Amino acid sequence: MHQSFNKERHPDTFSPSTSNRDTHSNREQSPAGWLALTGLRLKQIVQAAPNQLKKFSDDAALLSRALSHLIVILLVALTIGLSDIEWSWGHISVLRPPKPTFTDVAATPAATQSEAPFTLPTQLDRTRNDIILPAAVPHTIIPERARAEIITYQVETGDTVSSIAAKFGLSPETIVWANSDLERNPDLLGVGQEVVVLPVNGVYHQAGGGDTVESIAATYQVEPAAIINYVLNQIDPDEPVIQPGQWLVVPGGSKPYIPRAVTVYAGPMPQGAETGSGVFGWPATGAIFQDYWSGHPALDIADRLGAPVVAADSGYVVAAGWDGTGYGYKVVLDHGNGYQTLYAHLQAYYVEAGNNVAKGQQIGEMGSSGNSTGPHTHFEIRQGTIQRNPFGFLP
Ligand SMILES: [Zn+2]
């Protein structure tokens, strides 16, 4: 193989020298001979020229006819040229996209009303504040316009309130505020459950007997116009009357965050119960399944089924067993220093009320019991009746 390759290369390496020889022979032509030939030709042309010029000037008529022909040709060329320019300008102006008008539509209330449907004043304001480039606004609005209706979403495996909110570009609060079950406890999320999803961030409110547009607007800190102009509310702007029982979308509305007071579990305090150190450790390893936020005052840590769940600090067990409110199998520890910790959705638990536990001791196995969409440990740190953010305590 190697040899034949070299053989084939051989002829090529020789060919350049052959062509070099040809070039060399061309260069041997005498420069003096070429000059002599050129000189002779120039001489002939110069001698012939006066005769030819004389012929033209003798015939003045021929010259003027030639000139007029030239002018006509120039005029035709000019006309064609000009008409070409006109065509191309016309073409470009047609192709040039019309100036976008949607920004004006969004900004002008009158235009928004004539467009009827989708008045989102509060959202647009927020969008404009969030995104400095006005060019980005249409990209934000168009998908929202596409869904100007309230839908229900069926919860899938692995969903959390946060992940559902992200799916629809909404805040988790908006999901919770439209679903009273979740508002009571966002962990009451089960696969197959239907969740109401608003088209915009805000509050979904069912009017009570004494409610007016003004009172609802005040409650959720928006202008009454935000409620009246929102198309799904179907309120007559000239006579903004609402009926008791009527559901209203309050775009941009919010509810004040009031920490939910939770049950303080109490159980038998064992002899020689150890007081917690006040320094908490992680109850499980894994990924953060759901973060702490106003509606989820806990941390969800996800790993495999059966992964060990350990006591975050020393203390004693005040509750261990089934919880019908959605926690599934749970364990609650009292650390004797004002703190309790709660571990929910367990697959199994190894302790019972009254047991002493040391920090790091395994108290159960990670599971997906109760209302859960996948294996994880729901972990709460409670100080008295308030659920604190575990992130503020964990290393
Ligand atoms: Zn949770």
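This report walks through the nonpolar cores of a predicted model, the strands around β10, and two residues with unusual backbone angles.

**The main core**

Let's start with the largest nonpolar core, which has 30 residues. The members that touch the most others are Val317, Val331, Leu333, Tyr343, Leu346 and Ile363. Five elements give two or more residues each: β6 (299-302), β8 (315-323), β9 (328-334), β10 (339-346) and β14 (377-383). The top contributor is β10, with five residues.

Val331 gives a good feel for the packing here. Leaving out residues up to four places away in sequence, Val331 touches Val317, Ala319, Ala320, Tyr343, Leu346, Tyr349, Val351, Ile363 and Gly364. There's also a second, separate core of 25 residues, and Ala165, Val176, Tyr220 and Val222 are among them. As a general matter, nonpolar side chains in soluble globular proteins tend to be buried together.

**Strand β10 and its partners**

Back to β10: eight of its eight residues are buried, so the strand is largely enclosed by the rest of the structure. It pairs with β9 in the antiparallel sense, through five bridges. In that pairing, Tyr329 has Leu346 of β10 as its bridge partner. The two strands, β9 and β10, make a hairpin with four residues between them, and Gly336 in the turn has a positive phi of about 70°.

β10 also pairs with β14, again antiparallel, this time over six bridges. Here Leu342 stands opposite Glu380 in β14.

**Two positive phi values outside glycine**

Most residues other than glycine have a negative phi, which makes the next pair worth a look. Gln221 has a positive phi near 60°, and His345 has one near 65°. Their settings are set side by side below.

| Residue | Phi | Place | Other C-beta atoms within 10 Å |
|---|---|---|---|
| Gln221 | near 60° | loop between α11 (213-219) and α12 (224-228) | 13 |
| His345 | near 65° | strand β10 | 26 |

Why does Gln221 count as partly exposed, while His345 counts as buried? A residue is buried if 20 or more other C-beta atoms lie within 10 Å of its own, exposed if 12 or fewer, and partly exposed in between. Gln221 has 13 such atoms, so it is partly exposed. His345 has 26, so it is buried.

His345 also ties back to the earlier part of the story: it is found in β10, the strand whose eight residues are buried. Gln221, by contrast, sits in a loop between two helices, α11 and α12.

Technical notes: Residues numbered from 1 in each chain as written. Predicted model: local features only at pLDDT ≥ 70, side-chain atom pairs only at ≥ 80, totals over all residues. Core = buried A, V, L, I, M, F, W, Y, C linked by C-beta atoms within 7 Å. Contact = placed C-beta atoms within 7 Å. Pairing = 2+ DSSP bridges.
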